[in-house]
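Please take a walk through this fold with me, from its salt bridges to its core and out to its surface.

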Amino acid sequence: MSRRKEFNTKYSPKFKIAVIMDMRENHLNYSDTVRRYWGVKTKTECSKHRSQVRLWEHIYLEEGAAGLMAERRGRKSTGRPRKKLLDKEIENDLIAENQRLKERNEYLEMEIEYLKKLDALVQAREQQNEKKRK
């Protein structure tokens, strides 16, 4: 005997909230709720849905209706978080700042060269003045 394939069913948040609210307002137990919404009669069919309703009620009591809206299926990420790419705006600011620093560096290098040449001319003139005095 082979087992039938069972597919996972995704229930809408509205349906989940409706089931839980109806169960709580009418004081239904899990089995009565399952019979009302799924129409199952056997105990084995009922157990799967009963555990689902129990889980929904637990989430509702812990987190409220918003907890039933969140998607909980699938594995959660456990790896290292990915590096965030720089926004274009930040990247453009960095490029502009880099360009400004390069221009400032070139200006300072030219100023140093100018001061060296000026110093060399002043020293040369002083040497000429000393030769004339002697």
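How far apart in helix 5 are Arg100 and Glu97, counted in residues and in helical turns? The model you are looking at is a predicted one, and in it Arg100 and Glu97 are 3 residues apart, so about one helical turn separates them. An α-helix has 3.6 residues a turn, so residues three or four places apart point the same way. The two side chains form a salt bridge, with 2.8 Å between the closest N and O atoms. Arg100 is partly exposed, at 45% relative accessible area, and Glu97 is partly exposed too, at 35%.

Helix 2 offers a similar pair to look at. Asp32 forms a salt bridge with Arg35, again with the closest N and O atoms 2.8 Å apart. These two residues are 3 places apart in helix 2, which means about one helical turn lies between them. Asp32 has a relative accessible area of 33% and is partly exposed; Arg35, at 45%, is also partly exposed.

Now turn to a bridge between two helices. The side chains of Arg36 and Asp22 meet in a salt bridge at 2.7 Å, N to O. Because Arg36 lies in helix 2 and Asp22 in helix 1, the pair ties together parts that are 14 residues apart in sequence. Arg36 is partly exposed, with 48% relative accessibility, whereas Asp22 is buried, at 14%. In total, the model has 4 salt bridges.

Next comes the interior. The largest nonpolar core has 14 residues, and Ile20, Val34, Trp38, Val40, Val53, Trp56 and Leu68 have the most contacts inside it. Helix 1, helix 2 and helix 3 each supply at least two residues of this core, and the largest share, 5 residues, comes from helix 3. Leu68 touches Trp56, Ile20 and Ile17, among others.

Helix 3 deserves a closer look. It runs over residues 43-63 and reaches 30 Å from its first C-alpha to its last, close to the 30 Å expected. Its buried residues include Val53, Trp56, Ile59 and Tyr60, along with Arg50 and Glu57. The buried residues of this helix pack against helix 1, helix 2 and helix 4. After helix 3 comes Gly64, with a positive phi near 85 degrees.

Finally, return to helix 5, which spans residues 88-133 and contains Leu115. In soluble globular proteins, nonpolar side chains tend to be buried together. Here, however, Tyr114, Leu115, Leu118 and Val122 form a nonpolar patch on the surface, with about 380 Å² of accessible area together. Leu115 itself counts as partly exposed, at 47% relative accessibility.

Technical notes: Residues numbered from 1 in each chain as written. Predicted model: local features only at pLDDT ≥ 70, side-chain atom pairs only at ≥ 80, totals over all residues. Heavy atoms only, no water. Patch = residues over 30% accessible without salt bridge, like charges linked within 9 Å, V, L, I, M, F, W, Y side chains within 5 Å. Areas by Shrake-Rupley, 256 points an atom, 1.4 Å probe, with all protein chains shown as cover. Helix = DSSP H or I, 4+ residues; strand = E, 2+ residues; numbered from the N terminus. Buried < 20%, exposed > 50% of the residue type's maximum accessible area, 1.4 Å probe, protein only. Expected span 1.5 Å × (residues − 1). Contact = heavy atoms within 4.5 Å. Core = buried A, V, L, I, M, F, W, Y, C linked by side-chain atoms within 4.5 Å.
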